[in-house]
Amino acid sequence: MRTEELQPLFVETVPEHLEQGVLYVSEKYGTAIHLCACGTCGWKTVTPFHIGDRGWVYTRDAEDRITLSPSIGNQQFPCKSHYYVKANKIDWLPMGPV
Ligand SMILES: [Zn+2]
């Protein structure tokens, strides 16, 4: 089942076992990781935001909701999911090139 919303969990280091629907955020290491929002493939999606213009733009609002930009295109995953994370919500895009 597709994930419609991610629950952010602020951690220092990402745990070994990841739960579906949780966005693990390490501000210390400048990276976020979640299981692909398709809910099926279970692949880890890593979105580093500490590497300047090659990473994602990470926004944490006053209510701790996370926005990642640009979109997340898991083209290399079997599901080929493509979506935005906007204030924790998954905004699904049609599959295809990012
Ligand atoms: Zn997937």
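**Entry 1: strands 1 and 2**

In which sense do strand 1 and strand 2 pair, and over how many bridges? I looked this up before anything else, keeping in mind that the model is predicted. Strand 1 and strand 2, the latter covering residues 22-26, are paired in the parallel sense, and four bridges hold that pairing. For a spot to click on, I took Pro8, which stands opposite Leu23 in strand 2.

**Entry 2: the sheet around them**

Next I wanted the whole sheet. It is an open one of four strands in the order 1-2-3-4, and its pairing is mixed. Which strands stand at the edges? I found strand 1 (7-10) and strand 4 (44-48) there. Each has a single partner strand, so one side of each is left without a neighbour in the sheet. Ignoring direction, neighbouring strands here are turned by 20° against each other on average.

**Entry 3: the other sheet**

I then moved along the chain to strands 5 to 8. Four strands make an open sheet here too, in the order 5-6-7-8, with antiparallel pairing. Its edge strands are strand 5 (57-60) and strand 8 (89-92), and each of these pairs on one side only. From one strand to the next, I noted a twist that averages 25°.

**Entry 4: going through strand 7**

I went through the partners of strand 7 one by one. Strand 6 (residues 66-73) is joined to strand 7 (residues 82-86) by three bridges, and the two run antiparallel. Ile72 has Tyr83 in strand 7 as its bridge partner.

What joins strand 7 to strand 8? I counted four bridges there, again with the strands running antiparallel. Val85 is the residue I marked, since I could place it opposite Ile90 in strand 8. Strand 7 and strand 8 form a hairpin, and two residues lie between them. In that turn I picked out Ala87, which has a positive phi of about 50°.

**Entry 5: the chain as a whole**

Last, I zoomed out. How many helices and strands does the chain have? My tally is zero helices and eight strands, so the elements read β-β-β-β-β-β-β-β from the N terminus on.

For overall size, I have a radius of gyration of 12 Å, which agrees with the value near 13 Å that a compact globule of 98 residues would have. Along the principal axes, the C-alpha atoms fill a box of roughly 30 × 30 × 25 Å. Of the 98 residues, 21% are buried. I also checked contacts with a separation of 6 or more: residues 24 or more positions apart account for 31% of them.

Terms used. Residues numbered from 1 in each chain as written. Predicted model: local features only at pLDDT ≥ 70, side-chain atom pairs only at ≥ 80, totals over all residues. Pairing = 2+ DSSP bridges. Axes fitted to C-alpha atoms, helices over the stretch in contact; angles between N-to-C directions. Rg over C-alpha atoms; globule rule 2.2 N^0.38 Å. Buried ≥ 20, exposed ≤ 12 C-beta atoms within 10 Å, placed from the backbone. Contact = placed C-beta atoms within 7 Å.
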